[in-house]
Amino acid sequence: MRENAAKTSRPPLLVRMHFNPSRAQCGEIETSSIGALKKWALGKISQRTTQLQTDMPSFWDSYFHTRGLRPTARPQERKSGQYASSTVSMLNFTIAASAYLWLLAFLPALVRGAIYESASELPGRHFDFVIVGGGTAGNVIANRLTEDPRFSVLVLEAGPSNIGVLDSEVPGFDSNLIPPGPYNWNYTTVPQEGLNGRSMGYIRGFMLGGTSSLNAMFYTRGPADDFDRFAKVTGDQGWSWNSVQPFMRKNERWTEPTDHHDTRTQFDPRFHSFTGINAVSLSGFPHSYNDRVIQTTKELSEEFPFNLDYNSGNPLGVGWLQATIKDGVRSSSATSYLASKFVDRRNLHVLVNARVTRVRGGRHSKAFDTVDFVFQSGDGPAISVTASKEIVLSAGVFGTPQLLMLSGIGDTNELQGLGVQTIHHLPSVGKNMSDHPGLFNSWSVNATTDEDFFRNGSLFEEAYREWNRSHSGILGDPVATHLGWFRLPSNSSIFSEIGDPASGSTAPHIEMIFTDGLHPPLPTGNFLSIGNAVVTPTSRGWLRLNSTNPFDPPLINPGFLTSGFDVFAMRSVVKMTKRFVGATAWSGWVIGPAGDLAQANSDEEIDDYVRRNSGSTCHAVGTAAMSAVNAPFGVVDPDLRVKGVRGLRVVDASIFPYIPAAHPQVPVYIVAERAADLMKETWD
Ligand SMILES: Cc1cc2nc3c(=O)[nH]c(=O)nc-3n(C[C@H](O)[C@H](O)[C@H](O)COP(=O)(O)OP(=O)(O)OC[C@H]3O[C@@H](n4cnc5c(N)ncnc54)[C@H](O)[C@@H]3O)c2cc1C
């Protein structure tokens, strides 16, 4: 019944980066590799997107290529077995033998739930709720709604199942999902004016679990002030930091690191939940530079204080990374919220490979109750399902506004230009896109670093054997070990030009990410890399339809570095990072800056370095933003209902009115947990 995704063919070549001194960190993809990869990818995913321009790697492309090696021989792929597939198949077979057609037509809620690969397996066409997108947010809604046996729920996911996708399971293999491939939507941005006209690949997860199935797994909630600002701009106190605590706790299940070391100096248990669904843990593998990071927080404690737990509501300072990993395996919304005990519910149905093309009501009606989809390959007829209570759009920051516009909800002028009939004029759809610009800085070091594992075949094989044995070692770990969050000094000149864009005094403007290795790696040498990002950017971008063909990727413009604040903040964090590495804790260990960084000294040189090397952290939000009930802008109300129509809610990263000063998966989980509660209240 289910696809064994591990059998899906893989790219013909590794995308190896090689160091190009003239471009420093932006190594170039070997021409032969990219040609073969493009050919393969186009053949595989032409229905999904034809845009595979790679003028530059995104932030994550350049970051992950250090770890972009695969094992030379892959031991038999492990299956999670989280859906107890054989039990579900047998049961469905037995039922089908006697009463399949009857059930198909009349009693969908009595059939045991399952993950289906073909629409013909669906128990019916009518459900209480239809969720578009089985990603980070969508699976939370599906799980929570089906706690109530009265509700039948269908999830439609365009991508395949996550089951058996080893690269998604093994934390150390996440890099393999970054290049264009079958589990990535393979979007491309329009040329970015602020990045010297470059365009870049934009990664989104294309499988069950969505982007939580391929992200870097950092677990960051953001500052308390961010949530208090959401409450303020929407007029709904339910979004405040204090009010969302129960939802945070329903989501999180704190677990031990793989090496079971003493973690008392690495997190504060008072701020964590041990009873939620999505697992979180600290790193279980020591890295060569760990002590030096901590020593620097002591030596330069005024500028870089240690923070025992950046998830307390006050993230400022340097703390140990927390990640959505359990026992050395990724915890995504698919492995957690769709674990077998949940998917076995009779009222939960998940269909993969189902590409939704639009949502609609009756003729020109603003009451939405129907979802049209086609099989992802484009083969076969369009199929319609209905939702008697609500349709939930959880198709992500690009998929959701694209579907709204394809369904006639958007700016009339833009829709008319493309020949789409407007059902409801809502000009904010697709506007307000906000993303964290980022880059990696590297220093050559006099030590053994992580990159040795990823370029030395026998070390790598040993690491992989260890992961297979016990899920421990370097492959059971996330790519970084510490995060630092900082505010710009209050006397920074930029604040005399514009106000402070942060949500309050607990909110950082800039971030540092600490990791071993040069990105991309050299064949020899060892490096320290520290990522930088602006987490309160004031640049804004947009998403527009390219055509009325739902298989055509939309036009994506994150608008990177188009504001003076963002350039100032990037320049400041690069300088700060140099000061961090200038601490005596690093002397004798750090040899010197690598590549372009060595020449980035004056403000002008740093700005040039920033514009040439920055990319996307892939944290885009805001394309269907939430606003107060009577606000003249915004797409959804504080209960996440689409304004001006009935039957439609949006629950995903699109709804943030401001980008969280955090890696956004946890804010998305929190939003989804609360949304499920709001929906249950509505239909109780
Ligand atoms: C490389 C990378 C690294 C990241 N690292 C981190 C990190 O370490 N920590 C962190 O907090 N955040 C990280 N993020 C960001 C974070 O993962 C996302 O912001 C978040 O997961 C988005 O959740 P979502 O529910 O909005 O969308 P998604 O999880 O992307 O879900 C949308 C789902 O809808 C499906 N879909 C879309 N269109 C359709 C359609 N027409 N029909 C049917 N289905 C459809 C998609 O296939 C997908 O499954 C990272 C992102 C990337 C790309």
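These notebook entries record what I looked up in a predicted model of a protein chain with a ligand.

**Entry 1. The chain as a whole**

I began with the general make-up of the protein chain. I found 18 helices and 28 strands in the protein chain. Of its 684 residues, 58% count as buried. I then looked up the contacts between residues at least 6 apart in sequence, and 75% of these join residues at least 24 apart.

**Entry 2. Strand 17 and its partners**

I next asked which strands pair with strand 17, and in which sense. Strand 17 covers residues 383–393, and six bridges join it to strand 4, residues 126–132, with the two running parallel. In this pairing I noted H126, which stands opposite T386 of strand 17. Strand 16, residues 370–375, is joined to strand 17 by four bridges, and these two strands run antiparallel. Here V371 has V385 of strand 17 as its bridge partner. With strand 28, residues 648–650, strand 17 pairs in the parallel sense over three bridges. I recorded L648 of strand 28 as the residue opposite I391.

**Entry 3. The nonpolar cores**

I turned to the largest nonpolar core, which has 173 residues. Which of its members touch the most other members? They are V130, V132 and I141. Helix 16 gives the most to this core, with ten residues. I also listed a second, separate core of eleven residues, which includes F453, F460, Y464 and L475.

I then followed V132 in more detail. Leaving aside neighbours within four places in sequence, I found V132 in contact with L156, V356, V371, I391, V392, L393, S394, A395 and L403. Two names on this list, V371 and I391, had already come up in my notes on pairing: V371 as the partner of V385, and I391 as the residue opposite L648.

**Entry 4. Helix 16**

I checked the length of helix 16, which covers residues 564–581. Its 18 residues, at 1.5 Å a residue, should span 26 Å, and its end C-alpha atoms are 26 Å apart, so the expected and computed values agree. Is helix 16 largely enclosed or largely open? I counted 13 of its 18 residues as buried, so helix 16 is largely enclosed by the rest of the structure.

**Entry 5. Around the ligand**

I looked up the shell around the ligand and found 42 residues in it. The closest are G133, G135, G210, G399 and H663. By class, the shell has 20 nonpolar, 18 polar and four charged residues. At least two residues of the shell come from each of helix 4 (136–145), strand 15 (354–360), helix 11 (396–406) and helix 18 (665–683). Helix 11 supplies the largest share, four residues.

**Entry 6. G238**

I located G238 in the loop between helix 6 (224–234) and helix 7 (241–251). Is G238 buried or partly exposed? It has 15 other C-beta atoms within 10 Å; 20 or more would make a residue buried and 12 or fewer exposed, so G238 is partly exposed. Leaving aside neighbours within four places in sequence, G238 is in contact with S243 and R674. I also noted P638, which is 400 residues from G238 in sequence and 8.8 Å from it in space, C-alpha to C-alpha.

**Entry 7. A sheet of three strands**

I examined an open sheet of three strands, with the order 8-9-11 and mixed pairing. Strand 8 (252–254) and strand 11 (322–323) stand at the edges with a single partner strand each, so one side of each has no neighbour in the sheet. Strand 8 runs parallel to strand 9, residues 278–282, and three bridges join the two. In this pair, E252 stands opposite N278 of strand 9.

**Entry 8. Two residues with positive phi**

Finally, I looked up two residues other than glycine that have a positive phi. N432 has a phi of about 70° and is found in the loop between strand 19 (424–425) and strand 20 (437–445). With 25 other C-beta atoms within 10 Å, N432 is buried. For H471, phi is near 60°, and this residue lies in the loop between helix 14 (457–470) and strand 21 (482–486). I found 20 other C-beta atoms within 10 Å of H471, and a residue with 20 or more counts as buried, so H471 is buried.

Conventions
Residues numbered from 1 in each chain as written. Predicted model: local features only at pLDDT ≥ 70, side-chain atom pairs only at ≥ 80, totals over all residues. Contact = placed C-beta atoms within 7 Å. Pairing = 2+ DSSP bridges. Near = placed C-beta within 6 Å. Nonpolar A, V, L, I, M, F, W, Y, C, P; charged D, E, K, R; others polar. Expected span 1.5 Å × (residues − 1). Core = buried A, V, L, I, M, F, W, Y, C linked by C-beta atoms within 7 Å.
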